[in-house]
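Reader: Hi! Could you walk me through this model?

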Amino acid sequence: MPSIFGKKTKPPVPTMLDGGNFKPVKDYAKYYNKYAIKCQEVKYDRSIFVDVIVADMTLRGLVQHCESVKKKLELPVFTPEDKSKVQKWEEELHHLQEAISFQQHRLYECATFLPRQPLKQMYDSVRENPAWYCHPEIVEDCAKRGGCCGRSCGYCQTRHLTTLRAKGIVHCTIGCSCCSEHRGADPSPEERTGVNKMIESMLLSSNPTYLMKMIEAYFSKLAYLTEVTRPKKE
Ligand SMILES: [Zn+2]
Ligand SMILES: [Zn+2]
Ligand SMILES: [Zn+2]
């Protein structure tokens, strides 16, 4: 059937490659403020990618911090000192829950601002696969930043299986309770904000290597990852 728009209809989106869909523009580092990423010969401002990745990482950090506070609240209370700690943790939990709902909204907003074709479609199709968290780039990133993927605890996988479909989960952030146990201490508030700032500056570096890895993981579907067993829906 001919289109109501006559011959001027847009061509269908070409099939995406199995990874490797994005490239920095030539001389990426040379032109300040004009950093751009190419996908299918179309240039996009890198900030639309950075915003999504940072919003996701921030949400993950808050969710994991919240989980670790909940774990502390499960501890038995004996002394008045314990009681005052519980009060402090309950307040912390309340603030975190508020921050999480704000951040969920923020991530949704950033994803909504992506151009529908092809970026939003690519972003959504990556997330259709529950195994997307196994993308080698983000597993490596978790391990290199001292997360659980670099140890044998298997915590990232456990976290994924127990929080199916929830957003803002998967790999370790500074808020991971298993990582804190491994370090033997909770991170300070300064450490928490410091890590987020450091990741953001890595993404915004004039060297696009880290940003490209993260964009591939967040936007390029890897067909072979679908072979990982899909956990049963509860
Ligand atoms: Zn661990
Ligand atoms: Zn991990
Ligand atoms: Zn961890």
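Author: Happy to; we can talk through a metal site, a charged residue and some strands. The model is predicted, so local features need pLDDT of at least 70 and side-chain atom pairs count only at pLDDT 80 or more, while totals for chains, interfaces and linings use all residues. Residues are numbered from 1 along each chain as its sequence is written, chains are lettered from A and ligands numbered from 1 in the order in which they are written, and side-chain values use heavy atoms, with hydrogens and water left out.

Reader: Great. Which residues are the protein donors of the zinc ion (ligand 3)?

Author: Cys148, Cys172, Cys176 and Cys179 each give their SG, 2.2 to 2.3 Å from the zinc ion (ligand 3). Donors here are N, O and S atoms within 2.8 Å of the metal (3.2 Å for Na, K and Ca); water is not among the atoms, so sites may look incomplete.

Reader: And which of them coordinates the zinc ion (ligand 1) too?

Author: Cys148 coordinates both zinc ions, ligand 3 and ligand 1, which are 4.2 Å apart. Cys148 and Cys176 are both buried, meaning under 20% relative accessible area with a 1.4 Å probe, protein chains only.

Reader: Switching topic: what is the nearest side chain of opposite charge to Asp82?

Author: That is Lys85, 4.9 Å away, and buried Asp82 has no salt bridge. A salt bridge needs a side-chain nitrogen of Lys or Arg within 4 Å of a carboxyl oxygen of Asp or Glu. Lys and Arg count as positive, Asp and Glu as negative; His and the chain ends are not counted.

Reader: Where does Asp82 lie?

Author: In helix H2, residues 80–112. Helices (H or I, at least four residues) and strands (E, at least two) are DSSP runs, numbered from the N terminus.

Reader: Last one: how many bridges join S2 to strand S3?

Author: Four, and S2 and S3 (residues 42–45) run antiparallel. Strands pair if DSSP finds at least two bridges between them. Ile37 has Tyr44 in S3 as its bridge partner.

Notes: Buried < 20%, exposed > 50% of the residue type's maximum accessible area, 1.4 Å probe, protein only.
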